[in-house]
Structure formats: structure tokens, C-alpha cells
Amino acid sequence: MSAADLLERVRRRLAEGALEVTPVSVAEALREEPGLHGSATVLALVDRLRSETIGAGPLEPLLRLEGVTDVLVNGADQVFVDRGRGLERHDVTFADDAAVRRLAQRLAAAAGRRLDDASPWVDARLADGTRLHAVLAPVARPGTVVSMRVPSRRAFSLDDLHAVGMVDDRSVAWLEHVVASRAAFVVTGGTGSGKTTLLAALLGRVSASERIVVVEDSTELRPDHPHVVGLEARPANVEGAGRVTVRDLVRQALRMRPDRLVVGEVRGAEVVDLLAAMNTGHEGGCGTVHANSAHDVPARFEALGVAAGLTRDAVHSQLGSALDVVLHLARGPGGLRRLHEIAVLEARGGQVVPVTAARREHDLWRIGPGWDRLVAVAGVER
């Protein structure tokens, strides 16, 4: 009998008897199996079975790696981690896809969510703040796919980001002016480009006398600031009740006297209420948006606004008076995340157009045609 078969038989015996995984219970289960099994086998099975029932199982050590932001599982044999330098394949593997499926279902259940053949995907937040997304096979290939986004264990300051090369001396000074001027801004970039990290660092530079109200789909922003109130959306439970949307929370946040209204990620109907808030005296609002470039931001807001019931003209009209600055991040050589461009928004012929104020090219900043407007809006200096 192979080790995998023995493990599965012991697992079933423990499950049938509703027994906890202990050396005693495992030893008793082994007595029912043919052959002689020593203490080393018992302890190895205990370790393996406990890893399946505690935390994230074999992924737990990866989630605790220094600097890790993502742990990705593609079936039983492909596990990747991202520690800020791009994806790295790890030598952790699972016995089979059934083991990946069991882990995904257990984590989903711990978050109060359902994951089975009738509901083959889940998006949830675990108790420690880790974001879980999983899709079961055969919907996913090459097997059950698990994606885990690890929250930052501490708030990074602009000085920290300067030390790792995301920003340099000039851009730090510009960003501080943007924050101090209470200009409305969004941080843009692709998945894993560092949008949330940079936004949290900027919020850490907000005056201690200001109240920050943060609205998020899943809590990720942890700015180092003495007065932060967080609101987190909630999915419906297994009965389909209890859902709280980001749009609901934006409306509530406006009644909480925010000096800074922050939407962790703008990606749905909440864009309507956010634009309305920024047009009615709520200065200094900010958030993040998925976009491939700063120049894609109006199109992104347009798509979200039209889907939420606004006309195209209404989106551009509100966007032009609500948003001042776009901070775009991109991955450089070796996967290094860097502030790549600062743009301002200008109204031209009824449409909002991003204009580059400064762009980073080969470690040098090139001043663009939008610089004068950036000076007027945020008071930056060369």
C-alpha cells in the first residue's frame, strides 16, 4: 500500500469516527490497517493530517514568508509565490487535486462561504485578513485553483517605499504636495502593482487632525494614521441574505464627517456616489482603480458609470470636476514596482483627457505638458 493510500484510509477512519487528529487516534486507525507501522509513521501522519485541518495547511509557511503578497495554487503540482519581484515557483505540492479541493472548501467554510459543485467559486476574506479566491475543477484547469492575497503585516511609509525604489526623492516631494493640497487623486495600475501599498503610505502623510473614512470590499488598507475608520463590504450568506455593498458603505461614510473619503478600489456602482461626493465639498478623496495606464482612467470611469446608470456625458462632467491627479504604477525590470507617471485631468470638448505632468523614463523624470496644471492644483515644485 502506498503512503498516499495509507493516508487516505486513515483520514477516512478518523472522519467516520469524528475523531480529532492526535497520535493516539492515528495509532488506533493504523491498527486496522495491514502491516506494522512504527511511531515515525504515526507522527508523520499526524503532522500531515494536522496541516490539513489547521490554518492554510501546506500553504501556511508560504503565507508567513517575509514580503509575500500572493500565494497561487494551480492544481496539485503548481504553487507560486510573489514577494514583490514577480512570481516564483515553490516546491510545495499537494498529493492530488482532491487535497487542494479539501483545503479550498475548508478555508471557504471558515469564512462562512459555500464552495461545492453547485457553487464552484468563492471570493472571501479569512479571519487574519487574507483574501481567498478559489475555483473548483473541472471549471478550473489544470485543477482546483486557489489564489490568496496576503495583507501587509505593517503599514509602509513613503520612506519605506523610497528605500525599495518605488518612489525617489523628487516624486516623494511631489506626492507630499498632492496630499497636503487636498487634491483628489486615484492610484492606478495593474494587479499586484502596489496600488494599495502606495495609497496607504500617502494616507499616512495626512494631517493627524483629519478623519479618514475608508470603504473597501475587503480590508487591505492599514494606513499609519491616528484617526482611521474602516467600513468593509459583506457578501450574502448561504441563504442569500445580509449583503452589504461598497455603494451602501460609501453612502454611510458620507454621514460620518469624513475629512478624507477613501474607496480602496473603485470597481462598481459606488463610482456614482463617489463622484457625487467629490463634487459636493468632500475634498481630498482618493482611491485605487485598475487601469493599464493613466490615459485609460476616463474610459474606466466611463465604463463603471454607464453600467451604474449614468450617461457618458454625465460621467465626464462629474469626473472633470471631481478628480485632479492620477498616480500610475507599473512594474519595471525584475518585477520592481515603481511610480511611473503622474497625470492631471483636463476637460476638452466635453470630455476628460489625462495629460502627463511627469513620466519616469530610465530612472529619469521627464516633465510633460500637464506640469503647469499640477503646479496649480497641488503646488508642486521641480
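**Exercise 1. The hairpin and its sheet**

How many bridges join β4 to strand β5, and in which sense do the two run? Then place both strands, and the hairpin β2/β3, in their sheet.

*Solution.* The model is predicted.

Step 1. Strand β5 covers residues 131-135, and 5 bridges join β4 to β5. The two strands run antiparallel.

Step 2. Pick a facing pair. Val122 stands opposite Ala134 in β5.

Step 3. Write down the strand order. The sheet is open, has 6 strands and reads β3-β2-β1-β6-β5-β4. Its pairing is antiparallel.

Step 4. Find the edges. They are β3 and β4 (121-125), each of which pairs on one side only.

Step 5. Add the twist. From one strand to the next, it averages 15°.

Step 6. Turn to the other end of the order. Strand β2 (residues 79-82) pairs with strand β3 (residues 87-90) over 4 bridges, in the antiparallel sense. Asp82 stands opposite Leu87 in β3.

Step 7. Inspect the connection. β2 and β3 form a hairpin, with 4 residues between them. Gly84 sits in the turn and has a positive phi of about 95°.

Step 8. Add the helix. Helix α5 (residues 97-110) lies across β1 (70-74), β4, β5 and β6 (145-149). Its direction is at about 135° to β5.

**Exercise 2. The mixed sheet**

Determine the strand order of the sheet of 9 strands, its edges, and the helices that lie across it.

*Solution.*

Step 1. The order is β9-β8-β10-β11-β7-β12-β13-β14-β15. The sheet is open and its pairing is mixed.

Step 2. The edge strands are β9 (228-232) and β15, and each pairs on one side only.

Step 3. On average, neighbouring strands of this sheet are turned by 25° against each other, direction ignored.

Step 4. Look at one parallel pair. Strand β8 (residues 212-216) is joined to β9 by 5 bridges, and the two run parallel. Glu216 has Glu232 in β9 as its bridge partner.

Step 5. Place α7. This helix lies across β7 (185-189), β10 (260-263), β12 (325-331), β13 (337-348), β14 (351-361) and β15. Against β15, α7 runs at about 50°.

Step 6. Place α11. This helix lies across β7, β11 (286-290), β12 and β14. Against β11, α11 runs at about 90°.

**Exercise 3. Two helices in contact**

Describe the packing of α11 and α12, then list the residues that meet.

*Solution.*

Step 1. Choose the descriptors. Two packed helices are described by the angle between their axes and the distance between the axes.

Step 2. Apply them. The axes of helix α11 (residues 297-307) and helix α12 (residues 312-322) come within 9 Å and cross at roughly 125°. That angle makes α11 oblique to α12.

Step 3. Give the hand. The crossing of α11 and α12 is right-handed.

Step 4. List the contact. Pro298, Phe301, Glu302, Gly305 and Val306 come from α11. They meet Arg312, Val315, His316 and Leu319 of α12.

Step 5. Sort by class. The contact of α11 with α12 has 5 nonpolar, 2 polar and 2 charged residues.

**Exercise 4. An aromatic pair**

Classify the ring pair Trp174 and Trp365, and locate both residues.

*Solution.*

Step 1. The structure holds 2 aromatic pairs. Take the pair of Trp174 and Trp365.

Step 2. The ring centres are 5.3 Å apart and the planes stand at 75°. Planes over 60 degrees apart count as edge-to-face. The Trp174 and Trp365 pair is therefore edge-to-face.

Step 3. Trp174 is in helix α7 (residues 169-180), and Trp365 is in strand β15 (residues 364-367). The pair links distant parts of the chain, 191 residues apart.

Terms used: Residues numbered from 1 in each chain as written. Predicted model: local features only at pLDDT ≥ 70, side-chain atom pairs only at ≥ 80, totals over all residues. Heavy atoms only, no water. Pairing = 2+ DSSP bridges. Axes fitted to C-alpha atoms, helices over the stretch in contact; angles between N-to-C directions. Parallel < 35°, antiparallel > 145°, perpendicular 65-115°, else oblique. Left-handed = near helix turned anticlockwise from the far one by under 90°. Contact = heavy atoms within 4.5 Å. Nonpolar A, V, L, I, M, F, W, Y, C, P; charged D, E, K, R; others polar. Phe/Tyr/Trp six-rings, centres within 6.5 Å; stacked < 30°, edge-to-face > 60°.
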